[in-house]
Amino acid sequence: MLEHVMVDIETMGTTPGSIILSIGAVRFDPYGTTIDRPFYVNILGRTQGVFGFETSQETVEWWLKPENAEARARLEKDPSPINIDAALKKFAEYFKESGASFVWGHGCSFDVVLIEQAFRMVLSEHDIPWNFRAHRDTRTLFSLLPQDWEKPNMGTALLPHFALHDAMYQAECVQAAIRALHLKEFP
């Protein structure tokens with residue numbers, strides 16, 4: 001059942017139309033343990049203004065905090081940042097080639113919604129690689145679990161605010177939640 005992709009983004013705001021700094025994604029089987037086909041791209045923030053993307057002062061201040069220095073540095077490392085149009089085209093190609101039908105985000109109003117708005121602003125509505133019915137949301141799934149349910153402990157291997165690692169961790173949490181709920185089919 002590898003038709004699911006978990007996506008995570010790092011941004012300069014929390015609303016649709018915010019500058020996107022990176023996209024990370026993995027294909028995964030929500031009913032098993034497989035997580036594969038990692039995707040990651042850094043995106044040039046300064047070139048997105050021509051398309052109408054904006055920043056939030058509050059988010060800029062968050063990124064500038066000393067405890068976020070490592071996360072900031074990762075956005076400037078390999079792979080070298082590319083333009084938003086090229087990043088969206090690469091991501092659409094990745095999604096299609098992965099054979100995915102469903103796209104997951106951590107929350108129903110952030111990652112997937114912001115990426116869709118970026119497609120509309122830069123390319124077109126028709127370039128969004130999934131159907132509008134394909135959205136899946138981790139937070140809604142996790143809310144079905146008992147309050148004492150604990151997410152898997154991934155240890156120190158994951159880097160916070162690194163979109164690829166966040167996508168990997170979120171996919172593993174979905175797998176653990178589905179096992180804990182004893183779900184056999186979750187469309």
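The following exercises, each with a worked solution, concern a predicted model.

**Exercise 1. Overall architecture**

Determine how many helices and strands the protein has, in what order they run, and what radius of gyration a compact globule with 187 residues would have.

*Solution.* Begin with the inventory: the protein contains 6 helices and 5 strands. Read from the N terminus, these elements follow the order β-β-β-α-α-α-β-α-β-α-α. Next, consider overall dimensions. For 187 residues, a compact globule would have a radius of gyration near 16 Å, and the protein agrees because its value is 16 Å. Along the principal axes, the C-alpha atoms occupy a box of roughly 45 × 40 × 25 Å. Finally, consider burial and contacts. Buried residues account for 49% of the 187 residues. Of the contacts between residues at least 6 apart in sequence, 73% join residues at least 24 apart.

**Exercise 2. The largest nonpolar core**

Identify which residues of the largest nonpolar core touch the most other members, and which helix contributes the largest share of this core.

*Solution.* The core comprises 54 residues, and those touching the most other members are Ile-23, Phe-91, Ile-115 and Trp-130. Helix H6 (residues 163–181) supplies the largest share of this core, with 8 residues. Now take Phe-91 as an example. Leaving aside residues up to four places away in sequence, Phe-91 touches Ile-23, Ile-115 and Trp-130, among others including Val-7, Ala-25, Phe-39 and Phe-119.

**Exercise 3. Helix H4**

Compare the expected span of helix H4 (residues 111–122) with the distance between its end C-alpha atoms, and state what its buried residues pack against.

*Solution.* First, the length: at 1.5 Å a residue, the 12 residues of H4 should span 16 Å, and the end C-alpha atoms are 16 Å apart, so the two agree. Second, the buried residues of H4 are Asp-111, Val-112, Leu-114, Ile-115, Glu-116, Ala-118, Phe-119 and Val-122. Third, the elements against which these buried residues pack include strands S1 (4–11), S2 (20–28), S4 (102–105) and S5 (135–137), together with helix H3 (84–97).

**Exercise 4. Salt bridges**

Establish how many salt bridges the whole structure holds, and which residues are joined into one network.

*Solution.* The search finds 4 salt bridges in the whole structure. Arg-120 forms one with Glu-116, where the closest N and O atoms are 3.9 Å apart. Both residues lie in helix H4, 4 residues apart, or about one turn of the helix. Glu-116 counts as buried because its relative accessibility is 9%, whereas Arg-120, at 35%, counts as partly exposed. Arg-120 also forms a salt bridge with Glu-125, at a closest N to O distance of 2.5 Å. Sharing of partners thus joins Glu-116, Arg-120 and Glu-125 into one network.

A further salt bridge links Arg-74 and Glu-70, with the closest N and O atoms 3.4 Å apart. Because these residues are 4 apart in helix H2 (residues 69–74), about one helical turn separates them. Arg-74 counts as buried at 10% relative accessibility, while Glu-70 counts as exposed at 52%.

**Exercise 5. A buried acidic residue**

Name the nearest side chain of opposite charge to Asp-8, and give its distance.

*Solution.* Asp-8 is located in strand S1. The nearest side chain of opposite charge is that of Arg-139, 8.2 Å away. A salt bridge requires the nitrogen and oxygen atoms to be within 4 Å. Accordingly, Asp-8 is buried yet has no salt bridge. Its contacts, not counting residues up to four places away in sequence, include Ser-22, Ile-23, Asp-111, Asp-166 and Gln-170.

Terms used:
Residues numbered from 1 in each chain as written. Predicted model: local features only at pLDDT ≥ 70, side-chain atom pairs only at ≥ 80, totals over all residues. Heavy atoms only, no water. Core = buried A, V, L, I, M, F, W, Y, C linked by side-chain atoms within 4.5 Å. Buried < 20%, exposed > 50% of the residue type's maximum accessible area, 1.4 Å probe, protein only. Helix = DSSP H or I, 4+ residues; strand = E, 2+ residues; numbered from the N terminus. Contact = heavy atoms within 4.5 Å. Expected span 1.5 Å × (residues − 1). Lys, Arg positive; Asp, Glu negative; His and termini not counted. Rg over C-alpha atoms; globule rule 2.2 N^0.38 Å.
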